[in-house]
Amino acid sequence: MQLSDGSLTQCGHRVLALGLVVLIVGSMFASVAAAQSAIGFRNAEVSATTVTVGENVTVSAEAVNVGDSRGGYSFEFERDRVRFEKIRVTIPANTDRRVSTNISFDEPGTYRITVNGNQAGRITVQPARARVTSETESQRRIDVRANGVSPTGPTGFDIPSSNRTFALQNWSTTTGKLRFSSISRSTPTAL
């Protein structure tokens, strides 16, 4: 059987049409494949590195989507390799998203905080602490913090040393309760 010039032309048009269809469908899949999210992680941090028992610390991290379409991302917050929070977010194309959560500690110690395996910080938790906030020739003001201390047992404070004597003039507390009872002492003590 012999092909005529007309049938060769018709066959060529069919091959060309089929090639165009394959090219169009391929480009559609390529554009869909190119329109993907590309999310990266950055900037894990803690709001404080020294706190007292019961005091909140904010842990935050950021992810950025440099892709052409929105995508999902999970943040896993860990304290000493134990997860305490997981947050899943959707990040639109070409934007970033910052997430944060709070954590507090029941026991004194030093804790390593990570987000998705990246270190956010080390937090030292103290039962109580004191620091000098202002000092003149006749007066020194000390800020004392003691969250989560026992209401029935004694609490020790590491007060900065000095060669002066002092007396406790004012003891005030901040609580979440309507009433607070305390024992007031005003005994001079040498440091």
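**Arginine 42 and its partners**

I began with arginine 42, which is partly exposed at a relative accessible area of 33%. I kept in mind that this is a predicted model. I then asked which residue meets the side chain of arginine 42 in a salt bridge. I found aspartate 96, with 3.0 Å from N to O. Arginine 42 sits in strand 1 (residues 39-46) and aspartate 96 in strand 6, so this pair ties together parts that are 54 residues apart in sequence. I looked up aspartate 96 as well and noted it as partly exposed, with a relative accessible area of 37%.

Next I looked at arginine 98 and glutamate 45, whose side chains meet in a salt bridge at 2.9 Å, N to O. Here arginine 98 belongs to strand 6 and glutamate 45 to strand 1, so the pair ties together parts that are 53 residues apart in sequence. I wrote down a relative accessible area of 37% for arginine 98, which is partly exposed. Glutamate 45 counts as partly exposed too, at 40% relative accessibility.

My third stop was arginine 83, which forms a salt bridge with glutamate 76. The closest N and O atoms of that pair are 3.6 Å apart, and I accepted the pair because the cut-off is 4 Å. I noted arginine 83 as partly exposed, with a relative accessible area of 45%, and glutamate 76 as partly exposed at 27% relative accessibility. I also asked which residues are joined into one network by salt bridges that share partners. They are Arg42, Glu62 and Asp96. My count for salt bridges came to 5.

**The sheet**

I turned to the strands and found an open sheet of 5 strands with mixed pairing, in the order 2-8-7-4-5. Its edge strands are strand 2 (50-52) and strand 5 (82-91), and each of them pairs on one side only. I read off a twist that averages 25 degrees from one strand to the next.

Inside the sheet I checked strand 7 (residues 109-115) against strand 8 (residues 118-126). How many bridges join strand 7 to strand 8? I found 7, with the two strands running antiparallel. For threonine 114, I noted glutamine 119 in strand 8 as the bridge partner.

**Serine 74**

I stayed with the sheet and looked up serine 74, which is found in strand 4 (residues 71-79). The side chains of serine 74 and arginine 88 are joined by a polar contact of 3.1 Å. I then set aside the neighbours within four places in sequence and asked which residues are in contact with serine 74. My list reads Lys86, Ile87, Arg88 and Asn116.

**Two asparagines with positive phi**

Asn116 led me to the backbone angles. Asparagine 116 has a positive phi of about 50 degrees although it is not a glycine. I placed asparagine 116 in the loop between strand 7 and strand 8, and I noted a relative accessible area of 26%, which makes it partly exposed.

Asparagine 94 also caught my eye, with a positive phi of about 55 degrees although it is not a glycine. I located asparagine 94 in the loop between strand 5 and strand 6 (95-103). Is asparagine 94 buried or exposed? I noted it as exposed, since its relative accessibility is 57% and the cut-off for exposed is over 50%.

**Aromatic rings**

Last, I searched the whole structure for aromatic pairs and got 4. One of them is tyrosine 73 with phenylalanine 75, an edge-to-face pair at 5.0 Å centre to centre and 75 degrees between the planes. I noted tyrosine 73 as buried, with a relative accessible area of 16%. Phenylalanine 75 counts as buried at 0% relative accessibility.

I also looked at phenylalanine 105 and tyrosine 111: their ring centres are 4.5 Å apart and their planes lie at 25 degrees, so the pair is stacked. I found phenylalanine 105 buried at 0% relative accessibility, and tyrosine 111 buried with a relative accessible area of 13%.

To finish, I asked which residues form one aromatic cluster. I wrote down Phe41, Tyr73 and Phe75.

Terms used:
Residues numbered from 1 in each chain as written. Predicted model: local features only at pLDDT ≥ 70, side-chain atom pairs only at ≥ 80, totals over all residues. Heavy atoms only, no water. Helix = DSSP H or I, 4+ residues; strand = E, 2+ residues; numbered from the N terminus. Polar contact = N/O pair within 3.5 Å; in protein donor to acceptor, adjacent residues only side chain to side chain. Contact = heavy atoms within 4.5 Å. Pairing = 2+ DSSP bridges. Axes fitted to C-alpha atoms, helices over the stretch in contact; angles between N-to-C directions. Buried < 20%, exposed > 50% of the residue type's maximum accessible area, 1.4 Å probe, protein only. Phe/Tyr/Trp six-rings, centres within 6.5 Å; stacked < 30°, edge-to-face > 60°.
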